[in-house]
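Please walk me through this model stop by stop. Tell me what to select next and what is there.

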Amino acid sequence: MKTLFLSLLCFFLLRDTFGQVSGKLVTANGQPLPFVSVFLLKGNDTSIVKSMLSNEQGAYRIDNIIAGSYLLRLSSIGHQTWTSPVFEITANKPVKDFGTITMNENIRQLGEVVIRADKPLYQQRNDGMVVNVASSVLTKGSSALQVLERSPGVVIDHRNNSINLNGKSGVMVMMDGKLMRMPIDQVVTLLNGMSADNIEKVELLTTPPAGYDAEGSAGIINIVSKKNKRQGTSGSYTLTGGYGWGEKGSGSINLAHNTNKVNLYGSYTFAHDRTYSDFSVISAQNMPFLGGDVEVTGIFTTKRVQNNHNAIIGADFKLDPQTTIGGSITYNNSHASVASYSHAGYNVLPDSLLIYDGHINGTNTWDNLISSFNIEKVISEGEKVNFDMDYIYYNNNGPTEVESSFVNKNGEQVAANNSVSAQRQNSFANTSIKVGVARADYSKQLNPKVKLETGIKGTYTTSSSSSGIQSLVDGKWVNNTETATEIYMKEGIGAAYASVNAQFNASTSLVVGARYEYSYTNMEDPKTGQSLVDRKLGVLFPSILFSKKLNENSELQLSYTKRISRPSYNDLASYVGYSDPTAVYTGNPFLKPTITNNIKLGYKYRDYSFSLLFSRDDHPITRYQLGQGPLKDLLYISPQNLTYLNNITLQANLPFKVNDWWNMNYGFIGGLSREKGDYTIYPFQNTSFIYSLNFNESFKLPKKFSFELSGWYNSRTYNGTARMDGLGSLDAGIKKELKNNGGSFQLSVADILRTVRFKVRYGTLTEEPFSIKSFVDVHTESSKFPIIKLSYSKSFGSTRSTGQGKQESGTKNERDRIRSN
């Protein structure tokens, strides 16, 4: 593998080179100017050779330029057109860097013009894929979790609140570049209560470079919120109403005030959701607790009413041309009332029938606060330093009340004095997480071809959790010692990284980096002072990214990364949570971290992208696995380590522009997966072909209507010994833009065919504890009735352009203007 990597590297370095033109565009007050039309013109007749748009940072780079005389012309609605003198591209001087260019406003053009960015829905990057969710008709009124579920390669398991990326768990989620350091099931709960109205894009980073945290063996999902860069005071609001099984509604408002030196911004969102889900179970097992072989059938329903509040406030101050400071506070609150009903029959062979009926009423309230402060200092041209500090507080409280009966065919209560199956129970669960983060990053352009990036970061986390069950036994409330737990955990992670970006020539670049992380984890029982987990781990994470432009339309990439997934405190804690009379949930203090090595080969041809990823996971963590309790009488559901997981994954993204009003995009992610495990009664191996398909069709219709149809399908997958059947969804939306900037209406329908159902089977790969063979069929709300939502959105205030022109039609208009000059 190493010989192949070096051979490919040498081959591409020795190929012919091409010229390059680059630079950066800013407004008169120094703000980056995105989506400016950049034209490379012939020096003799000003005919167009190549064109592109500047990116969100105002940067542009035109590659693969043959030797000759050229002009550069920059054009953007609301700004004066800029044209360079004639310059030469030669073999001796193949690179022309225009540096930073300031574009002045064209006062005659400003007026009351609304400029909108119209980005493609999917964009491929060297480290992964970007989903521009703000470009989708289906985004308005959706939650952040629903937006993720429609993203290529992302699988949300609503049964156990987990996220998979490209068929693998071990995903870390970031909000605006900040890790959400909490158990993944609580991350899913938070995202489900977060409106997508304020999300600009989702970055799916499967091979992130050394500057990112090494956490996340499957990669990182970075959710990026919208930034309003208009000058003056502006804002927008959205109102949404809808219905599925129950009513839904949300409202959001965004405000911003931007001047030359001060940017102020804030937003607030309220969301209400009444929802329903149920699942059925068919199981056969040998349970000593019930006296032998048992056949179980049951139906479990849940009704949930949830209200969420999300607020953000922040400011950026430009102290001088070289120094910017900023800060923000984000607050999320959710309150849910949950009512569940369970009915199950336990046929204890040969002829004893037990009936279980349970009513569970509870609430779940969580608060999440993120405060951030940052300083950026430009030391000199091409050299700057950043300082960031963050504090994160998360608290979750979930008390429940249980009333149940577990009777035989004569109506007599079974195990009435057993605290686990008592008729009345009260439970409590509280989790508190506090995280402090400090980091410093330094970057310097050492010369026109080499850039250095380096930095350090420290993270300190404390988390405390307490949970337990009280049972009414013989008229007295009894604390069940087996289910009571109180855990305190502290974790420190120190990291340092360095990365060198070398641009050998206009078509060849190499990024080499390394990150070292040292972590210390301690978990103890505060009552006894007993240390439950005490671990120290230092790991070096190298990364290499090689990129080669083969010609004007194609590019090849080769990369290697190493990553880690550490067990969360929920994974490690030795708590016991109630599931049913025969099963409980618990943690596993003996879990090992997962170490992942990735090699990725990528190829881009125009807008089409393909990649082949080879990955090896040692000790991957798989959750919700079945085991026996200490007394071998109850089923314990806990996380476990597999021995290894090998994946070969092919990813393809194929956009097509049929004509000016019809665009389509098709994606495929899939390949072979081989896993081995030895935590079961008998060791097992499994090889499977897993894949994910997605498509998007968008249409621009007359009279300012637009229509979007999208869908996804995920094949059969495995989570340890559990097998989940394939499922998919078809969604649609229509949008109407009103005249005179009157806003827009959007109607969306989710899961039109009612196919989002999770079918899970145990006992298909190997023998499970108590010889369990079970089938679980989970019906989400949309499988009962499609979820329909109607939204109205409107922008207001200042409409002065900052260069955010349309990416396609805007470029065409500018081409026409260029030809007329």
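The tour starts with the whole chain and then moves from one selection to the next.

**Before you click**

This is a predicted model: local features need pLDDT of at least 70, side-chain atom pairs count only at pLDDT 80 or more, and totals for chains, interfaces and linings use all residues. Residues are numbered from 1 along each chain as its sequence is written, and side-chain values use heavy atoms, with hydrogens and water left out.

**Whole protein**

Show the cartoon. There are seven helices and 48 strands. Helices (H or I, at least four residues) and strands (E, at least two) are DSSP runs, numbered from the N terminus. The radius of gyration is 29 Å, close to the 28 Å that the globule rule gives for 821 residues, so the protein is as compact as a globular protein of that length. That radius is taken over C-alpha atoms, and the globule rule is 2.2 Å times the number of residues to the power 0.38. Along the principal axes, the C-alpha atoms fill a box of roughly 100 × 60 × 50 Å.

Switch to a surface. The accessible surface comes to about 35,900 Å², and 57% of it belongs to carbon and sulfur atoms. Such areas come from the Shrake-Rupley method with a 1.4 Å probe; for residues, only the protein chains shown count as cover. Of the 821 residues, 51% are buried. Buried means under 20% relative accessible area, exposed over 50%, and partly exposed in between (1.4 Å probe, protein chains only).

Now consider contacts, meaning heavy atoms within 4.5 Å. Among contacts with a separation of 6 or more, 66% are between residues 24 or more positions apart.

**Stop 1: residues 383-473**

Select strand S25, residues 424-447. Strand S23 (residues 383-397) runs antiparallel to S25, with 15 bridges between them. Two strands pair if DSSP finds at least two bridges between them. Label Asn397: its bridge partner in S25 is Asn430.

Add strand S24, residues 400-408. Four bridges join S24 to S25, again antiparallel. Here Glu401 stands opposite Asn426.

Then add strand S26, residues 450-473. S25 and S26 run antiparallel and share 22 bridges. A hairpin through two residues links S25 to S26. Label Ala438 and find Gly458 opposite in S26.

**Stop 2: an open sheet**

Select the six strands in the order S9-S10-S15-S16-S13-S14; they form an open sheet with mixed pairing. Strand S9 (122-125) and strand S14 (178-179) stand at the edges with a single partner strand each, so one side of each is left without a neighbour in the sheet.

Inside this sheet, zoom to strand S15 (residues 199-205) and strand S16 (residues 219-225), which are antiparallel and joined by six bridges. Val202 has Ile223 in S16 as its bridge partner.

**Stop 3: Ala134 and helix H4**

Select Ala134, in the loop between strand S10 (128-131) and helix H3 (144-149). Is Ala134 buried or partly exposed? Ala134 counts as partly exposed, at 44% relative accessibility. Leaving out residues up to four places away in sequence, Ala134 touches Ile199, Glu200 and Lys226. Measure from Ala134 to Thr365 next: their C-alpha atoms are 29 Å apart, with the two positions 231 residues apart along the chain.

Move to helix H4, residues 184-192. Seven of the nine residues in H4 are buried, among them Ile184, Val187 and Leu191.

**Stop 4: strand S35**

Select residues 608-618 and colour alternate positions. The covered face of S35 carries Ser609, Ser611, Leu613, Ser615 and Asp617. The uncovered face carries Tyr608, Phe610, Leu612, Phe614, Arg616 and Asp618.

Bring in strand S34 (residues 594-605), which pairs with S35 over eleven antiparallel bridges. Lys600 is partnered with Leu613 in S35. The hairpin between S34 and S35 has two residues in between, and Arg606 in the turn has a positive phi of about 55°.

Add strand S38 (residues 644-659), which pairs with S35 in the antiparallel sense over ten bridges. Ser609 stands opposite Asn653 in S38.

**Stop 5: Ser774**

Finish at Ser774, in strand S47 (residues 773-779). Ser774 counts as buried, at 11% relative accessibility. Beyond neighbours within four places in sequence, Ser774 is in contact with Ile282, Ser283, Val760, Arg761 and Tyr762.
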